[in-house]
Amino acid sequence: MNVIIHVADNSHFKYAQPICDLIYVSAQARGTGIAKRSAEYIELKMKTGKSVIALDGDTLVGFSYIETWGHKKFVANSGLIVNPDYRGLGIAKKIKRRIFDLSQELFPDAKIFSITTGLAVMKMNSDLGFKPVTFSELTDDKEFWKGCQTCQNFDILQRNDYKMCLCTGLLYDPKDKEKKKENIPVPKPFANRIVKPIVKVKKPPKFKK
Ligand SMILES: CC(C)(COP(=O)(O)OP(=O)(O)OC[C@H]1O[C@@H](n2cnc3c(N)ncnc32)[C@H](O)[C@@H]1OP(=O)(O)O)[C@@H](O)C(=O)NCCC(=O)NCCS
């Protein structure tokens, strides 16, 4: 096995439909949404250098793409998918890292976000410095939320006026990185600030010799 992660281009168009199929099958199996996309849409992402593809020789291993929202103030890393035969091998982590780096190369000032119900994505994003946030902190660009229409929970999102649903919002703000560099304290997530630990760990008594 020799999996290589590429920034996708026109030479990868033949994988566009298999990517759509993989996303569709996985969304069905999971029961929650990964926005359904057409092969043309995936090709556009490839053509414009806004996607990452993992290949083992000619075999499609994984994919993810970038979308911009709210006049490029927000970038979403979306459509992360790994071929079931290659799961559990750290491939998603590599794709996530590459699409995250690519997002920052292309849109250095944009906030990067994902929405997910999946533990794997929550873990990977928090390792990259993403913080959990309410939907109010994400883009209000209606086109983004239209992508949720193919999710079976879309009625929940609609019922809540697009303010909450089953997904968790995860946000990376490049300003936090600058603050860290300048040693300006980065505010902790709201939950960390207000919830005090309930269980106090008792230190063992010190014995004198
Ligand atoms: C989610 C998915 C992309 C993970 O791909 P993968 O290559 O198997 O993931 P990795 O091996 O790189 O694992 C990355 C991390 O997620 C964890 N993880 C992977 N699958 C997991 C699962 N089903 N449940 C919980 N954690 C999981 C791994 O333990 C690892 O965490 P660690 O670094 O703390 O050990 C893959 O299962 C998939 O394509 N699922 C269907 C599509 C999907 O749900 N996409 C996400 C849309 S939001």
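# A first look at this protein and its ligand

Of the 209 residues in this protein, 33% count as buried. Welcome to the structure, which is a predicted model. The chain folds into eight helices and seven strands. Among contacts between residues at least 6 apart in sequence, 70% join residues at least 24 apart. The points below start at the ligand and then move on to α4, β4 and two residues in loops.

**Around the ligand**

- The ligand is surrounded by 20 residues, and the closest are S26, R87, A92, T116 and A120.
- Four elements each supply at least two residues of this shell: α1 (16-30), β4 (74-82), α3 (91-106) and α4 (119-127).
- The largest share comes from α4, with five residues.
- Sorted by class, the shell holds 11 nonpolar, five polar and four charged residues.

**Helix α4, inside and out**

- Since α4 gives the ligand shell its largest share, this helix is a good one to look at next.
- V121, M124 and N125 are the buried residues to find in α4.
- These three cover an arc of only 95 degrees around the axis, which means that they sit on the same side of α4.
- Turn to the other side of α4 and you will find L119 and D127, which are exposed.
- The cover over the buried residues of α4 includes β4, α3, β5 (111-116) and β7 (168-172).
- Just after α4 comes G129, which takes a positive phi of about 105 degrees.

**Strand β4 and its partners**

- Nine of the nine residues of β4 are buried, so this strand is largely enclosed by the rest of the structure.
- β4 also supplies at least two residues of the shell around the ligand, and it is part of what covers the buried residues of α4.
- Strand β3 (residues 59-69) runs antiparallel to β4, and seven bridges join the two.
- Within this pair, W69 stands opposite F74 of β4.
- β3 and β4 form a hairpin with four residues between the strands, where G70 takes a positive phi near 55 degrees.
- β4 pairs with β5 as well, here in the parallel sense and over three bridges.
- F74 has a bridge partner in β5 too, namely K111.

**The nonpolar core**

- The largest nonpolar core has 41 residues, of which I19, V52, F74, I81 and F113 touch the most other members.
- F74 therefore appears twice in this tour: as a well-connected core member and as a residue of the enclosed strand β4.
- Leaving aside residues up to four places away in sequence, I81 touches I19, L22, I23, S26, G62 and F63.
- One of these contacts of I81, S26, is also among the closest residues to the ligand.

**Two loop residues with a positive phi**

- H71 has a phi near 55 degrees, a positive value in a residue other than glycine.
- You can find H71 in the loop between β3 and β4.
- H71 counts as exposed because it has 9 C-beta neighbours inside 10 Å, and 12 or fewer is the cut-off for that class.
- Y162 likewise is a residue other than glycine with a positive phi, in this case near 65 degrees.
- Y162 lies in the loop between α6 (154-159) and β7.
- With 16 other C-beta atoms within 10 Å, Y162 is partly exposed.

Note on methods. Residues are numbered from 1 along each chain as its sequence is written. This is a predicted model: local features need pLDDT of at least 70, side-chain atom pairs count only at pLDDT 80 or more; totals for chains, interfaces and linings use all residues. A residue is near a molecule or strand if its C-beta atom, placed from the backbone, lies within 6 Å of it. Ala, Val, Leu, Ile, Met, Phe, Trp, Tyr, Cys and Pro count as nonpolar, Asp, Glu, Lys and Arg as charged, and the others, Gly among them, as polar. A residue is buried if 20 or more other C-beta atoms lie within 10 Å of its own, exposed if 12 or fewer, and partly exposed in between; C-beta atoms are placed from the backbone. Two residues are in contact if their C-beta atoms, placed from the backbone, lie within 7 Å. The arc is that of the directions from the helix axis to the C-beta atoms. A nonpolar core is a set of buried Ala, Val, Leu, Ile, Met, Phe, Trp, Tyr and Cys residues joined through C-beta atoms within 7 Å. Two strands pair if DSSP finds at least two bridges between them.
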